[in-house]
Amino acid sequence: MTLKDKEKIETNLLLDAIFHCYGYDFRSYAKPSLKRRIAHRMEVSNIATIADLIPLVIHDKVFFNLFLKDMSLTVTEMFRDPSFFKSLRDEIIPILKTFPFVKIWHAGCATGEEVYSLAILLKEEGFYDKTRIYATDFNSNSIEIAKEGIYPIAKMKAFTNNYNHTGGKGSFSDYYEAKHSSVKFNDSLKKNITFAHHNLAQDRSFGEMNIIICRNVMMYFDGKLQSKVLSLFLDSLCNKGFLCIGMKESLIYSNLQNHFEPQNIDSKIYRKKASERIELKKHKSLN
Amino acid sequence: MIKKDYKAIVVGCSLGGKEAITTIVKNLKHNSIPIIIVQHLASDSDCYLATHLKPYTDSAIYEIINNLPIQQNGIYIAPANYHVLFGENKIFYLSVDEKHNFSRPSIDISFESASEVYMNDLVGIVLTGANSDGSVGLDFIKKNGGLTIVQDPAAAKSTFMPNAAIKMVKPDYILSLSEISFFLEHLNKNEYTPKQLKLK
């Protein structure tokens, strides 16, 4: 048996232990990045084998929380991929404006940078007051940071540059107050945002959405979980609702791709086909 | 030892990489195994290298997106602002994890990931570049039994990356760009003549 085979066994045992102890299911995460994160924790905590992680994770809640943090440590920015936000502004928001009220689900919002970006966009387009934004993540620490809306001042230069490329209508600095080495985004941006814990791998739909934004999240999942999450989104979208995924993600490898049509392929914005909900229900009742 | 059944080639470069890659691709008449290129790029550049290389080769050139399958004779370019990882099922995975060596994509991260999948069936190549990203990854490839090649620093636009790799890895070969093309052209073939290579 090779070292590689042994590591596979150890990894499966570790993920099983985590699931049974804490309910977090990482068993369907994409193995390559999962491996890197496990290796990172082993290096930082000076642990020799994956197997050695198992008792620590089971018996030491503090250690498990470290691991959990590693698992959800993604780097995000405000107005990441300005061209995406520009498409939202120029193409999608005008369509949404034809509705009296719009529900938005920002799935896997991490520390909230993109949620505040979205709120700013909706404000500038005069549509914020007719929206409710559900910003969810499986990591409670990230949600707490997102709720605070406080970010390092050092990042504002890059964020401002991104904002300016989205066709920003104001001055980016109007949306936050600087204090010492950080900035706090205006509370008025949070008025219609509900921050909540939600685990895409395990939790269910919680309402009918007009638009779902889930960018650079599914890339951490294996094919099976990607399908599961996509079907959750399909179930949670209203007729002709929008789905936004990451700029280097695609639906073309998914068995559910036929349920969506491209709205803006460069910005990876898809639209749920009108009849799908009915067909899906029919399909379910058959089973 | 040079084998005859390598399954993939990973190439890393930064400053001066575009010219170096163009030279290699131009001189490489066909490739029978996938070539994956990880070049440090400004985060806002998009599809640039892929578009640039198209006229120089008959091979299919892809900018990597998440879940793209790795095919036999494709040339694959890492997108700006994402790390490229390799799945056991021979598909690409991307990640937006933190920068590594101030870089995303990071050569080390891709080399290590590719090496874990391909083990001794992998060829790793470090070209011109202005930081040391790639050395650790190339070392990883070597330790897993893969073949390691570094561009001759004397002929590289930026010597830092190849020198760092040579210092850390003691690569199997140190070659000029045209020798690298020649090498890749003959890889896995019987008529391949190692004499034409500078053995180090």
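Contact here means heavy atoms within 4.5 Å. This is a predicted model in which local features need pLDDT of at least 70 and side-chain atom pairs count only at pLDDT 80 or more, whereas totals for chains, interfaces and linings use all residues. Residues are numbered from 1 along each chain as its sequence is written, and side-chain values use heavy atoms, with hydrogens and water left out.

**View 1. Contacts and burial in chain B.** Among contacts in chain B between residues at least 6 apart in sequence, 69% join residues at least 24 apart. Of the 200 residues of this chain, 62% count as buried, that is, under 20% relative accessible area, with exposed meaning over 50% and partly exposed in between (1.4 Å probe, protein chains only).

**View 2. The aromatic pair of A:Phe79 and A:Phe85.** Rings of Phe, Tyr and Trp (its six-membered ring) pair if their centres lie within 6.5 Å, and planes under 30 degrees apart count as stacked, over 60 as edge-to-face and the rest as tilted. By this rule there are 28 aromatic pairs over all chains. A:Phe79 and A:Phe85 make an edge-to-face pair, at 5.2 Å centre to centre and with 70 degrees between the planes; A:Phe79 and A:Phe85 are both buried.

**View 3. The aromatic pair of A:Trp105 and A:Phe206.** The rings of A:Trp105 and A:Phe206 meet edge-to-face, 4.8 Å centre to centre with 70 degrees between the planes. The pair links distant parts of the chain, 101 residues apart, with A:Trp105 in strand S1 (residues 102-107) of chain A and A:Phe206 in the loop between strand S6 (193-197) and strand S7 (209-214) of chain A; strands are DSSP runs (E, at least two residues), numbered from the N terminus. A:Trp105 has 0% relative accessibility and therefore counts as buried, whereas A:Phe206, at 36%, counts as partly exposed.

Technical notes:
Chains are lettered from A and ligands numbered from 1 in the order in which they are written. Helices (H or I, at least four residues) and strands (E, at least two) are DSSP runs, numbered from the N terminus.
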